[in-house]
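Got your viewer open? Load the model, set it to cartoon, and keep the selection box handy for a short walk through the fold.

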Amino acid sequence: MWSLYGQPKSDSPGDVSIYQKNMLNFYYVSTMYIGSNREPISMVWDTGSSETVVQGHTCSSCHLKYDYRDEKDSSFKVLNPNERTIEYGSAVTKGFDAQDTICLSPKTETCLQDANLFVVT
């Protein structure tokens, strides 16, 4: 069972706690682990979006710079290499569709295999 507020719901070995940082009651950020190498990335919990958006290493307009190297990840799969756009209010972002593993912890097997991603370019 997963808990989003820091404490597992029981003492079962498969339980995972997810610490969420409250950013001025505006949004919540958690560390997730992506890919076969379980690279830690900060993700914003956006309950109004149907997309799991990650910043690709080729993103030239991204403000947060981290080095997610999908080419070093054996579980990363491009679903459609053709670039498409997503609109968020008045903002537009470009990227492509892919799949990868997303984990809640680097030390557990509590992972979602073949999770659909939108990789921002």
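How much area does the protein expose, and what share of it do carbon and sulfur atoms supply? The protein exposes about 8100 Å², with 52% of that coming from carbon and sulfur atoms; these areas are Shrake-Rupley values with a 1.4 Å probe, and for residues only the protein chains shown count as cover.

A bit of housekeeping before we click around. This is a predicted model, where local features need pLDDT of at least 70, side-chain atom pairs count only at pLDDT 80 or more, and totals for chains, interfaces and linings use all residues. Residues are numbered from 1 along each chain as its sequence is written, and side-chain values use heavy atoms, with hydrogens and water left out.

**Stop 1: the whole chain.** Colour by secondary structure and you get 0 helices and 9 strands (DSSP runs numbered from the N terminus: H or I of at least four residues for helices, E of at least two for strands). Of the 121 residues, 38% count as buried, meaning under 20% relative accessible area with a 1.4 Å probe and protein chains only, while exposed is over 50% and partly exposed lies in between. Take the contacts between residues at least 6 apart in sequence: 42% of them join residues at least 24 apart (a contact is heavy atoms within 4.5 Å).

**Stop 2: strand E8.** Select 91-103, which is E8. This strand is mostly covered, with 10 of its 13 residues buried. Now bring in its partners (strands pair if DSSP finds at least two bridges between them). E7 runs antiparallel to E8, joined by 8 bridges, and Tyr88 has Ala91 as its bridge partner. The two form a hairpin with 2 residues between them, and Gly89 in the turn has a positive phi of about 65°. E9 is also antiparallel to E8, again through 8 bridges; look for Cys103 opposite Cys111. E4 pairs with E8 in the antiparallel sense over 2 bridges, and here Tyr33 is the residue whose bridge partner is Cys103.

**Stop 3: the core.** Show Ile34, Val54, Ile102, Leu117 and Val119 as sticks: they have the most contacts inside the largest nonpolar core, which has 13 residues. Such a core is a set of buried Ala, Val, Leu, Ile, Met, Phe, Trp, Tyr and Cys residues joined through side-chain atoms within 4.5 Å. E4, E5, E8 and E9 each supply at least two of its residues. Apart from this core lies another, of 5 residues, including Cys59, Cys62, Ile86 and Val120. Then centre on Ile102: leaving out residues up to four places away in sequence, its contacts include Met32, Ile34, Thr52, Leu112 and Leu117.

**Stop 4: a loop serine.** Which loop holds Ser75? Ser75 sits between E6 (53-55) and E7 (77-88). Loop or not, Ser75 counts as buried because its relative accessible area is 15%. Its side chain makes polar contacts with those of Asp73 at 2.9 Å and Asp100 at 2.5 Å (N or O pairs within 3.5 Å; within protein, one must be able to donate a hydrogen and the other to accept it, and residues adjacent in sequence count only if both atoms are side-chain atoms). Ser75 also touches Gly35, Ser36, Gln99 and Thr101, among others.

**Stop 5: out in the open.** Finish at Thr47, in the loop between E5 and E6. Thr47 counts as exposed, at 81% relative accessibility. Draw a distance from its C-alpha to that of Tyr27, 20 residues apart along the chain, and you should read 10.0 Å.
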